[in-house]
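Colleague: I'm new to this one and would like a guided tour. Could you show me how to read its features, one at a time?

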Amino acid sequence: MEIRHTMKIKSIEATRIEYPDPITKRTPPRDGPSRGQLNSQATPMRRYASAPGNRRWMPGGARDVGCVVTLEDGSWGFGMTDYGRATAAIIDDFLAPALVGQDAMATERLYDMMVRVTSGFGSGSLTARAIAAVDLALWDVKGKVLEQPVYALLGGPVREDLPLYSTGNDTGWQKELGFKNFKRFSHYGPDDGIEGINRLEAEIAEARELVGPDAELMLDFWLGMDVETAVRTTERLRPYNLKWIEDPFLSESLDEYPKFRERVPWQGLATGEHWYGVYPFFNAASSGLVDIFQPDIIWCGGLSPVIKICHIAEAAGLSVIPHGSGGTAFGQHACYGLAAVPMIECSGPVMTEPGVPLEEKDRLPGTPVPSEGRLHPSDAPGFGLELKREWLPGFFS
Ligand SMILES: [Mg+2]
């Protein structure tokens, strides 16, 4: 077979992301607790924290990592992930050497190559993040070469408008911003005993009262529960009609989910932001582990695995609400290009301190923000980001 229209990859490089702050107008936040204070969560480290738990195991080295894929004709695409030097080294030392010289348009082949070339040390976790940065850069440059937005390459937009939900414990501020659906975090874990359950119930009761019966309300346990406490808490919260309980258990502790579901079978359950590649989602779909998958496009391996995860979910009658999807151009395009997605999450990268308009949130130039409760991806080619090459100097340079 003669392969035509090849666009060869000239280089793949991890990079820091150094763009000038595009926000000139700064509205001061209102007096009161910050989002960070309100959102402190009972994470897996809660048992080792003297106060309700910040994510203390997340070091500063987890910073953002960009990836630039450059083609022989000079066109280039941008993708990103996080976890700093660890993922940058995987991109530069393992993925780039495997892919340089290949046809950049063959995104399916290239994703498969990245999974296979890293299989000796495992394609999950930090490797999946590195793969995501490269995969997203490849989809970006593909869109630029074909002069199409990525959601159109996927066959979208599937829907004209997707409902949004906002994440965080500043529910009143989110309501003011026009959000109609809300997810909260829990400050309390097993070590807080019945007192924690009582306090959480009071918070959820207040939130339900605030948002009314027609808003969806969800609760994220951020991996911080055990089965017994999760069951007791979920039973207590039944009157508040939570659409889903999210991430009650450590992401690799899969035996706890069926035990939980058996005891509270009426409760919707969501997970997946800490799952990598396609296989955990396939296994969960087969066993009916949860109702909603939440892959994170910049963590799980990029757009290529998210497409596969969406197809698996559709076949299993499940839905996919990608983690943090409203906060990046990558997530926005995926949501509008894939039929399994019924809703978009607007979390930390979107939300502002109480009183500060969403337009003033620091973000990659070219990333659309929600307006009047709506959020649509850019129509510009690729993911539509407006980045200059000189803002991406390399990671170790
Ligand atoms: Mg979550």
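Modeller: Sure. Let's start with a word we'll need: contact means heavy atoms within 4.5 Å. Keep in mind that this is a predicted model.

Colleague: Okay, let's try that word out. Which residues is valine 278 in contact with, leaving aside its neighbours within four places in sequence?

Modeller: They are Tyr111, Pro305, Lys308, Ile309 and Ile312. Valine 278 itself sits in the loop between strand 8 and helix 10. You can also look at distance: the C-alpha atoms of valine 278 and isoleucine 307 are 9.5 Å apart, although 29 residues separate them along the chain.

Colleague: Is valine 278 buried or exposed?

Modeller: The cut-off for buried is under 20% relative accessible area. Valine 278 has 15% relative accessibility, so it counts as buried. Compare lysine 259 in helix 9 (residues 256-263). Its relative accessible area is 47%, which makes lysine 259 partly exposed. Lysine 259 is also 9.5 Å from glutamate 228, C-alpha to C-alpha, with their positions 31 residues apart in sequence.

Colleague: Now a helix, please. How do I read the pattern of buried residues along one?

Modeller: The general idea is that an α-helix has 3.6 residues a turn, so residues three or four places apart point the same way. Now take helix 2: its buried residues are Gly84, Thr87, Ala88, Ile90, Ile91, Leu95, Ala96 and Leu99. They pack against strand 1 (9-15), strand 2 (65-71), strand 3 (76-81), helix 3 (107-117) and helix 4 (125-146).

Colleague: What span should helix 2 have at 1.5 Å a residue?

Modeller: Its 16 residues (84-99) should span 22 Å, and the end C-alpha atoms are 21 Å apart, so the two agree. Helix 2 does have a kink of about 30°, centred on isoleucine 91. Just after the helix, glycine 101 takes a positive phi of about 95°.

Colleague: And what does helix 8 pack against?

Modeller: Its buried residues pack against helix 7 (193-211), strand 7 (245-246) and helix 9. Among those buried residues of helix 8 (residues 227-236) are Val227, Ala230 and Val231.

Colleague: There's a metal in here too. Which residues are the protein donors of the magnesium ion?

Modeller: Asp220 (OD), Glu246 (OE) and Glu273 (OE), at 2.0 to 2.2 Å from the ion. Along the sequence their spacing reads D-x25-E-x26-E. Aspartate 220 belongs to strand 6 (residues 217-220) and glutamate 273 to the loop between strand 8 (269-271) and helix 10 (279-287), so this pair ties together parts 53 residues apart in sequence. Both aspartate 220 and glutamate 273 are buried.

Colleague: Last topic: empty space. How many cavities of 30 Å³ or more does a search of the whole structure find?

Modeller: The idea is that rolling a probe the size of a water molecule over the atoms shows where empty space is left. Here the search finds three such cavities. The largest cavity has a volume of about 50 Å³, and its lining includes Gly326, Gln332, Arg363 and Pro370.

Colleague: What about the second largest pocket: which residues lie nearest its centre?

Modeller: Leu223, Ser251, Glu252, His274 and Tyr276, out of 22 lining residues. That pocket's volume is about 470 Å³. Helix 4 and helix 10 are the elements that give two or more residues to its lining, and helix 10 gives the most, with four.

Note on methods
Residues are numbered from 1 along each chain as its sequence is written. This is a predicted model: local features need pLDDT of at least 70, side-chain atom pairs count only at pLDDT 80 or more; totals for chains, interfaces and linings use all residues. Side-chain values use heavy atoms; hydrogens and water are left out. Buried means under 20% relative accessible area, exposed over 50%, partly exposed in between (1.4 Å probe, protein chains only). The expected span of a helix is 1.5 Å times one less than its number of residues. The bend at a residue is the angle between axes fitted to the seven residues ending there and the seven starting there. Donors are N, O and S atoms within 2.8 Å of the metal (3.2 Å for Na, K and Ca); water is not among the atoms, so sites may look incomplete. On a 1 Å grid over the protein atoms alone, a cavity is a set of points where a 1.4 Å probe fits but cannot get out, and a pocket is an open set with protein on both sides within 12 Å along at least five of seven lines; lining residues have an atom within 4 Å of a point. Grid points are joined across faces, edges and corners, and a volume is the space filled by probe spheres set on the points.
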